[in-house]
Amino acid sequence: MKPFFLILVYLFAVTLPLILSAWVGGPPRQFHQELASGLGILAFSMILMEFILSGRFKAISNGVGMDVTMRFHQIMARTALVFAVLHPFLYQGTPTGGQRPWDPTRQLTLTTDFSALSTGIAAYLLLAGLVVMAIGRTQLDYKYEAWRLLHGIGALLIAVLLLHHTVYGGRYGSEPVMTWVWLVMTGVAAGSLLAVYVLVPLWQKARPWRVASVTQLTPKQWELTVKPEGHRGLDYQAGQFAWLNVGHSPFSMKENPFSICSAPASGAEVSFMIKELGDFTRTVGQIEAGTVAYVDGPYGNLSVDGRTEPGVALIAGGVGLAPLLGILRQMRLTGDSRKVRVIYGNRLIDQIAYREELGEQDVVYVLSEPPETWQGETGFIDAELMDRVFSEKEISEWLFVMCGPSIMMDIVEDHLIKKGTPSHRILSERFSYD
Ligand SMILES: Cc1cc2nc3c(=O)[nH]c(=O)nc-3n(C[C@H](O)[C@H](O)[C@H](O)COP(=O)(O)OP(=O)(O)OC[C@H]3O[C@@H](n4cnc5c(N)ncnc54)[C@H](O)[C@@H]3O)c2cc1C
């Protein structure tokens with residue numbers, strides 16, 4: 001789906017409860033009270049939309065890209081937290097004490113019903129905890145699967161607590177129309193978890209894969225190939241990625257995202273280039289051919305299909321080669337007429353994977369710690385290197401696709417933008433999903 005359309009849908013969904021509340025609500029109150037309610041309403045609808053922005057919905061993440069989806073998810077969670085923090089304080093000065101007979105529309109008083117307030121307070125504290133945990137995830141050093149589970153359960157709990165708080169404590173949420181709106185929206189959010197953790201695994205169970213081979217590429221990088229068992233496999237574009245689960249139940253949390261490094265044109269088998277990093281990736285070398293696997297994908301929009309630029313620059317750092325290799329393979333297999341040039345950076349010579357296949361023509365190898373005999377480029381992939389490898393005309397006309405360490409991508413992107421390459425001609429993928 002087009003980004004512009006997605007933004008419109010998001011804005012519509014987030015503001016719908018606010019607009020409806022204004023429409024069904026009673027006589028207006030003072031501005032700060034309406035602002036307090038409005039921020040609370042917005043915070044709740046934004047939190048519900050966070051479920052849909054989890055990255056697991058292809059209509060969204062394949063439209064704007066996984067990086068953008070996840071960045072938006074993070075920014076909106078923080079914005080919702082700010083709104084939620086402000087929400088109770090803005091009621092300052094409003095008389096409390098529960099509903100009075102002379103104030104049937106709760107225009108002048110605030111509820112003090114403890115159960116309605118306590119769910120709001122609990123959600124408030126949980127939300128702050130969830131955001132802090134997400135921001136500090138890498139420092140806190142707990143297992144990714146544990147974090148993912150906590151994040152999902154915490155989010156669901158917040159949604160249910162807020163539903164109670166809004167319907168029983170809110171002036172607008174208690175209106176029957178609004179109660180239904182909130183019930184449906186919370187149901188959709190909870191249903192999205194059901195889709196990701198129950199429906200998709202059920203679908204995967206009926207479409208198993210088997211490990212066809214595991215090959216060591218370099219001391220810490222492997223190629224793992226899976227083949228579909230009894231089905232046609234994956235309908236993907238070169239450069240996309242998938243969640244891979246090897247040897248576990250499809251309902252297990254043990255699945256990891258990996259870019260597909262094979263080309264659709266090479267057949268139904270799908271390959272992944274995997275670098276050792278943690279629990280799963282360190283054990284890839286021990287996986288035996290024939291092990292059952294599940295593949296959930298394809299995801300992402302790192303694709304050169306349908307692009308009309310005369311040339312494609314593929315800029316890879318380390319294992320960031322994976323999606324770009326898929327693109328290169330597809331271009332070579334289909335006899336793509338566009339020019340292509342690869343820059344592939346590593347620290348050491350023995351970290352270079354697929355060198356024979358990549359070849360030497362139109363591939364620039366860069367090492368930051370080269371051996372004495374090294375004839376290729378040295379240092380990092382930076383502005384100077386880009387200017388050595390690409391002419392001014394290429395920089396202004398080609399499509400630039402990159403994947404690698406954040407620092408590399410930031411430097412290259414800044415340089416390209418500075419030289420006038422429009423942002424729609426720079427595609428990138430970050431190997432982080434938080
Ligand atoms: C879109 C995308 C594409 C990727 N493509 C590749 C690739 O082609 N090759 C490659 O080697 N690596 C790739 N990665 C990184 C890869 O997913 C992690 O290295 C891998 O999941 C680590 O798992 P682990 O169990 O070995 O390590 P752990 O110690 O469990 O995790 C290390 C880190 O990896 C990330 N991670 C772990 N599990 C998950 C998960 N289920 N979902 C999301 N992130 C997770 C987290 O940031 C975590 O902190 C990609 C990541 C993303 C987001």
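**Figure 1. Surroundings of Lys-220 in the predicted model.** Once neighbours within four places in sequence are left aside, Lys-220 is in contact with Ile-274, Lys-275 and Glu-276. The model shown here and in the following figures is predicted. Lys-220 sits in the loop that runs between β1 (209-218) and β2 (221-228). Arg-282 is 62 residues from Lys-220 along the chain, and the C-alpha atoms of the two are separated by 8.3 Å.

**Figure 2. Residues 204-305, annotated by UniProt as "domain: FAD-binding FR-type".** The annotation comes from an unreviewed UniProt entry, which places the feature at residues 204-305. Strand makes up 41% of this span and helix 2%. The C-alpha atoms at the two ends of the span are 27 Å apart.

**Figure 3. The cis peptide bond between Gly-297 and Pro-298.** Omega for the bond joining Gly-297 and Pro-298 is about 0°, and the bond is cis. Most peptide bonds are trans. Pro-298 belongs to strand β6, which covers residues 292-299.

**Figure 4. The spans annotated as "transmembrane region".** An unreviewed UniProt entry gives this annotation to residues 37-54, 75-94, 114-135, 147-168 and 180-200. Two of these spans are described here. Residues 37-54 are 89% helix and 0% strand, with end C-alpha atoms 26 Å apart. Residues 147-168 are 100% helix and 0% strand, and their end C-alpha atoms lie 31 Å apart.

**Figure 5. His-165 and its contacts.** His-165 is part of helix α7, which covers residues 144-169. Its relative accessibility is 17%, so His-165 counts as buried, the limit being under 20%. Residues up to four places away in sequence are not counted in what follows; beyond them, His-165 touches His-87, Ala-116, Leu-117, Thr-119, Gly-120 and Gly-170.

**Figure 6. Cys-261 and Cys-403, two cysteines without a disulfide.** A search of the whole structure for disulfides finds zero. For Cys-261, which is in no disulfide, the nearest cysteine sulfur is that of Cys-403, 12 Å away. Seen from the other side, the closest cysteine sulfur to that of Cys-403 is in Cys-261, and no bond is assigned because 12 Å is too far. The cut-off for a disulfide is a pair of cysteine sulfur atoms within 2.5 Å. Cys-261 is buried, its relative accessible area being 0%. Cys-403 is also buried, with a relative accessible area of 0%.

**Figure 7. Met-409 in helix α13.** Helix α13 covers residues 406-418 and includes Met-409. The relative accessible area of Met-409 is 0%, and the residue is therefore buried. With neighbours within four places in sequence set aside, Met-409 is in contact with Met-402, Cys-403, Gly-404, Ser-428, Glu-429 and Arg-430. One of these partners, Cys-403, is the cysteine of Figure 6. Ile-315 is 94 residues from Met-409 in sequence, and the C-alpha to C-alpha separation in space is 8.7 Å.

**Figure 8. Tyr-354 and Asp-362, two residues with positive phi.** Most residues other than glycine have a negative phi. Tyr-354, which is not a glycine, has a positive phi of about 55°. This residue is in the loop between β8 (339-346) and α10 (355-358). Tyr-354 is buried, with a relative accessible area of 12%. Asp-362 is likewise not a glycine and has a positive phi of about 60°. The loop that holds Asp-362 runs between α10 and β9 (363-367). At 39% relative accessibility, Asp-362 is partly exposed.

**Figure 9. The whole chain, for orientation of the close-ups.** The protein has 434 residues, and 50% of them count as buried. Its secondary structure consists of 13 helices and 12 strands. Taken along the principal axes, a box of roughly 90 × 50 × 35 Å holds the C-alpha atoms. Of the contacts between residues at least 6 apart in sequence, 69% join residues at least 24 apart. The accessible surface is about 20,900 Å², and carbon and sulfur atoms account for 63% of that surface. There are 35 positive and 39 negative side chains, and 5 Å separates the centres of the two sets.

Terms used
Residues are numbered from 1 along each chain as its sequence is written. This is a predicted model: local features need pLDDT of at least 70, side-chain atom pairs count only at pLDDT 80 or more; totals for chains, interfaces and linings use all residues. Side-chain values use heavy atoms; hydrogens and water are left out. Buried means under 20% relative accessible area, exposed over 50%, partly exposed in between (1.4 Å probe, protein chains only). UniProt positions are given in the numbering used here, feature names are shortened, and annotations may be inferred rather than shown by experiment. Helices (H or I, at least four residues) and strands (E, at least two) are DSSP runs, numbered from the N terminus. Contact means heavy atoms within 4.5 Å. Accessible areas come from the Shrake-Rupley method with a 1.4 Å probe; for residues, only the protein chains shown count as cover. Lys and Arg count as positive and Asp and Glu as negative; His and the chain ends are not counted. The place of a charge is taken as NZ of Lys, CZ of Arg, CG of Asp or CD of Glu.
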